[in-house]
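Subject: Structure handover

Hi,

Here is the structure for you to load. My notes on it follow below.

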Amino acid sequence: MLRSRIRVAAALAVAALVLAACGGSDDNTSSGGSSASPAEIKVFAAASLTAAFTKIGEDFTAANGTKVTLNFAGSQALATQIQQAAPADVFASADITNMDKVKDLAGPPQIFASNQLQIVVEKGNPKGVKGLDDLANPDLKVVLAAPDVPVGKYSQQALEKAGVTVKPVSQEQDVKAVVSKVSLGEADAGIVYTTDVTAGGDKVEGVDIPEDQNVVATYPIATVKASKAPDQAQAFMDYVLSDQGQQVLKSYGFGPPPTS
Amino acid sequence: MGFLAVPLLGLLNQTPWGHLLAELTTPIALQALRLSLVCSLGAVAVSLLLGVPLAFVLARVEFPGRNFVRALTTLSMVLPPVVGGVALLLAFGRRGLVGRWLDEAFGITLPFTTAGAILAEAFVAMPFLVISTEAGLRAMDRRYEDAAATLGAGRWLTFRRVTLPLIAPSLGAGVALCWARALGEFGATITFAGNLPGVTQTMPLAVYIALETDLQAAIALSLVLLVVSLAVLISLRDRWFPTA
């Protein structure tokens, strides 16, 4: 009785393996009955773009009729997802490194915004943080993004410029997680974008980083080659680069694309 | 069966067998392995310390609200781990119910520490120990304990020499499951304890991070966890899959 059960189980396992081998390696170009109708696109955007792109998505849908589904995460996570053939139509990254990771899978990128760093602290700045130098204080609990996250990399650059070594108590996977640890009161300070301090609301405030220590973050956007709605994807990208899109980004605190 | 087997087969298929050892001996991997071992064993210790007495109370003592306490004990077993992490933050975080007092009175904060990771793992893994031990206590024949008492044995001696050996199988199974659950804990750990190599980055966290930068390392670490899980299941096979 047990023997025949084992045989059935083994046969099922082999069948499943064969199916997986057949269907697994091809990318999802000819999957029958694509559920995404042409009037819907999926936009993968860096976590720092959450508020701005949500608004742009709404405006785009109102103007164009195309439904926009947004996926926000650390740019490094999004790049990996795209490499693993996740169904994205547009990719907006917070740095060029992560856009380069998918350069074979995406169309030519264009820079659409810039951002700068700020130190985020709790409202009222209870620990009296005045600048990057204070972050080296061992009694201060500083949270940074992991080095592979764009803002984590930019933070390292800014700290190097300031000649400060910081031992963070945790390395977060996207910029919003850094903000949340500070707003929850678990961490005393973190380094995020200026736009995230604004988005963080009443629980946090920002401490400026002077120009000579600060870093300019450049945000590229590109359409994904495997997109099932390439025209709509291009339309979205054009909208982000247009005056309306740029106006929304500016209203959320982003800087214009660097001209150099 | 295929649904369960294919992901595992997929993992084995992609494993970099050639340089597996190299992947597992990088500093990050070694730190994660060591930390996982320390934290999971610590979680088992905490669970034994708190869980065995609790199992005793639940099995032997009739008190009003016992069913409610039993339900509460097993709550963290069914709670989504991230929710558990949030709950731990609200209780033991720097501004939390208990954490605030710990910070003010002793200067102890648990988030971002290895102790915090142990707490998070114990929180989700302890119910396994309690349930298994309680079942063993209920099932054992109490007349042996009574016999020991009539022969003059004190409570502690009876517990050590009579009760423990009798519930050893249930306790052993509970410890094994508790350890396996603690080893695999991710959501509560990353939310409450944070993520820092060498301090709080246990193996599941290291796999999650490595996925984005070094897929080979992620697969190698995943394989270790898979082997450990299989070993636990095989050691428990007689309890879960009675060989007819």
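Start with chain B. Chain B has 13 helices and zero strands. Read along the sequence, its pattern is therefore α repeated throughout: α-α-α-α-α-α-α-α-α-α-α-α-α. Its C-alpha atoms fill a box of roughly 65 × 55 × 30 Å along the principal axes. Chain B holds 244 residues, and 37% of them count as buried. Take the contacts in chain B between residues at least 6 apart in sequence: 76% of these join residues at least 24 apart.

Confidence next. This is a predicted model, with ipTM 0.77 and pTM 0.80. Chain B has a mean pLDDT of 88. In that chain, 97% of residues reach 70 or more. Where in chain B is confidence lowest, and where is it highest? The low end is helix H13 (residues 237-240) of chain B, with a mean of 64. The high end is helix H7 (residues 114-139) of chain B, at 94.

Now chain A. Chain A has nine helices and nine strands. It has 260 residues, of which 44% count as buried. For contacts in chain A with a separation of 6 or more, residues 24 or more positions apart account for 78%.

Domains. Chain A is divided into two parts: domain 1 (40-114 + 218-251) and domain 2 (115-216). The C-alpha centres of these two domains of chain A lie 26 Å apart. Across the boundary, 17 residues of domain 1 of chain A are in contact with 15 residues of domain 2 of chain A. On the domain 1 side, helix H2 (50-64), helix H3 (75-83), E4 and E9 of chain A each supply at least two of the touching residues. H3(A) gives the largest share of that side, three residues. By class, the domain 1 side that touches domain 2 of chain A has eight nonpolar, eight polar and one charged residues.

Look at strand E9 (residues 216-223) of chain A. Why is E9(A) described as largely enclosed by the rest of the structure? Because six of its eight residues are buried. E9(A) also pairs with two strands, listed here:

- Strand E3 (residues 90-92) of chain A pairs with E9(A) in the antiparallel sense, over three bridges. Within this pairing, A:Ala92 has A:Ile221 as its bridge partner.
- Strand E4 (residues 110-122) of chain A pairs with E9(A) in the antiparallel sense, over six bridges. Here A:Gln116 stands opposite A:Val216.

Last, the packing. The largest nonpolar core has 127 residues. Which members touch the most others? They are A:Val90, A:Phe91, A:Ala92 and A:Phe236. The largest share of this core, 14 residues, comes from H7(B). The core also draws at least three residues from each of domain 1 and domain 2 of chain A.

A:Phe91 is a good residue to display. Leaving out residues up to four places away in sequence, A:Phe91 touches A:Phe44, A:Leu78, A:Ile82, A:Val102, A:Ala106, A:Ala222 and A:Val224. One of these, A:Ala222, falls within the residue range of E9(A), 216-223.

To recap for your session: H7(B) is where chain B confidence is highest, and H7(B) also gives the core its largest share. E9(A) pairs with E3(A) and with E4(A).

Best wishes

Technical notes. Residues are numbered from 1 along each chain as its sequence is written. Chains are lettered from A and ligands numbered from 1 in the order in which they are written. This is a predicted model: local features need pLDDT of at least 70, side-chain atom pairs count only at pLDDT 80 or more; totals for chains, interfaces and linings use all residues. pLDDT is the predictor's confidence in each residue, from 0 to 100. Helices (H or I, at least four residues) and strands (E, at least two) are DSSP runs, numbered from the N terminus. A residue is buried if 20 or more other C-beta atoms lie within 10 Å of its own, exposed if 12 or fewer, and partly exposed in between; C-beta atoms are placed from the backbone. Two strands pair if DSSP finds at least two bridges between them. Two residues are in contact if their C-beta atoms, placed from the backbone, lie within 7 Å. A nonpolar core is a set of buried Ala, Val, Leu, Ile, Met, Phe, Trp, Tyr and Cys residues joined through C-beta atoms within 7 Å. Domain bounds come from an automatic or database domain assignment. Ala, Val, Leu, Ile, Met, Phe, Trp, Tyr, Cys and Pro count as nonpolar, Asp, Glu, Lys and Arg as charged, and the others, Gly among them, as polar.
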